[in-house]
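Q: Please take a close look at one cysteine in this model, at where its side chain sits and what surrounds it, and then carry the same kind of reading on to other parts of the chain.

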Amino acid sequence: MNALSIANIVEDHLKREKLSFLKCERKNLIVFKNVQIGENCSIIVGENVIKIKINLVLSKEKKIIKRLSGNFCSMYSCVSCYSNMNKEGDTFHIIIAPFKKEIFKEIFFQITLELQREISPFILGIVTENPRDFLINQYRIWKSIPSEEQNRILEDILIIKEKYFKNAKTPVGIINKLNKKKRELAVFMDGHHDTPLSDEEYYVELYLLDFAALFRGLELRLIKFNLENFFENFKGAK
């Protein structure tokens, strides 16, 4: 695929994700600069090849990208990764050659999910806390809802649980599915979608998605409760 065609795919994807960028040309390359992932990110496009460069300073983010890079290289034969240190931190390089559109989208989705600095207002519900803590907090919220309301929404919650979480087997897997769906909903809210669902159905899903994740955790018996989960400053028996 020629560089211009790849650049059009990249530009469309960045716009859909509501990420700002500066586009320029260098010889036979097309470069997208100042993408707000990590400290800074550039996407360099050539003939049938793309390189994603991410500069990171935080140790936590470096560990994340090392884990992701390892996953990408083991999953896709067309992907290679390396890193180098500089005065501003560490720069991580992810190369896709030959370029594959769906692989680029999946890799970029995973990167933005964990390292993105610009977040659409509709993505503010992205879960960043410990999966177990999130599920326990969600259970507290569920128990605070009047039983009449619980009964009214329970069927919809169970339908959403089966629709999106039936293949999730671990707390981390549940939260990954939850965050991915929230990002998809954000795209819908921004007007970029191709789906038979109505606006009303999407608002229902957005409202009940966290509860659906909770019920999947309960179904798999992944959540173990202690008294201190429900009583503030609980010290236990002396």
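A: In this predicted model, C41 is buried, with a relative accessible area of 1%. C41 belongs to strand β3, which covers residues 40–46. Leaving out residues up to four places away in sequence, C41 touches F32, K33, N34 and V35, and also I52, K53 and I54. With I52 the separation is 11 residues in sequence, while the two C-alpha atoms are 7.2 Å apart in space.

The cysteines also raise the matter of disulfides, and the structure holds 0 of them. C81 is in no disulfide, and its nearest cysteine sulfur, that of C73, is 3.2 Å away; because a disulfide requires the two sulfur atoms to be within 2.5 Å, this pair does not count as one. C81 itself, at 26% relative accessibility, is partly exposed, whereas C41 is buried.

The loop between β3 and β4 contains N48, a residue other than glycine whose phi is positive, near 60°. Most residues other than glycine have a negative phi. With a relative accessibility of 28%, N48 counts as partly exposed. A positive phi, of about 55°, is also found at R221, which is not a glycine; R221 lies in the segment after α7, a helix of residues 199–219, and is exposed, with a relative accessible area of 72%.

Strand β4, residues 49–56, includes N55, which is buried at a relative accessible area of 11%. The side chain of N55 is joined to that of T91 by a polar contact of 3.2 Å.

Two further polar residues can be read in a similar way, each of them placed in a helix. Q138 is in helix α4, residues 131–144, and is buried, its relative accessible area being 7%. Apart from neighbours within four places in sequence, Q138 is in contact with D210, F211 and L214; the C-alpha atoms of Q138 and A213 are separated by 9.0 Å, although their positions lie 75 residues apart along the chain. N179 is in helix α6, residues 171–189, and counts as buried at 5% relative accessibility. Once neighbours within four places in sequence are set aside, N179 is in contact with L113, I126 and V127.

The packing of one pair of helices deserves a closer reading. The axes of helix α2, residues 59–75, and helix α3, residues 101–115, come within 11 Å and cross at roughly 165°, which means that α2 is roughly antiparallel to α3. The crossing of α2 past α3 is right-handed. On the side of α2 the contact is made by E61, I64, I65, R67, L68 and F72, and on the side of α3 by I107, Q110, I111, E114 and L115.

Finally, the loop between β6, residues 89–96, and α3 holds P98. The peptide bond leading from A97 to P98 is cis, with omega near 5°. Most peptide bonds are trans.

Terms used:
Residues are numbered from 1 along each chain as its sequence is written. This is a predicted model: local features need pLDDT of at least 70, side-chain atom pairs count only at pLDDT 80 or more; totals for chains, interfaces and linings use all residues. Side-chain values use heavy atoms; hydrogens and water are left out. Buried means under 20% relative accessible area, exposed over 50%, partly exposed in between (1.4 Å probe, protein chains only). Helices (H or I, at least four residues) and strands (E, at least two) are DSSP runs, numbered from the N terminus. Contact means heavy atoms within 4.5 Å. A polar contact is a pair of N or O atoms within 3.5 Å; within protein, one must be able to donate a hydrogen and the other to accept it, and residues adjacent in sequence count only if both atoms are side-chain atoms. Axes are lines fitted to C-alpha atoms, for helices over the stretch in contact, and angles run from 0 to 180 degrees between N-to-C directions. Angles under 35 degrees count as roughly parallel, over 145 as roughly antiparallel, 65 to 115 as roughly perpendicular and the rest as oblique. A crossing is left-handed if the near helix is turned anticlockwise from the far one by less than a right angle, and right-handed if clockwise.
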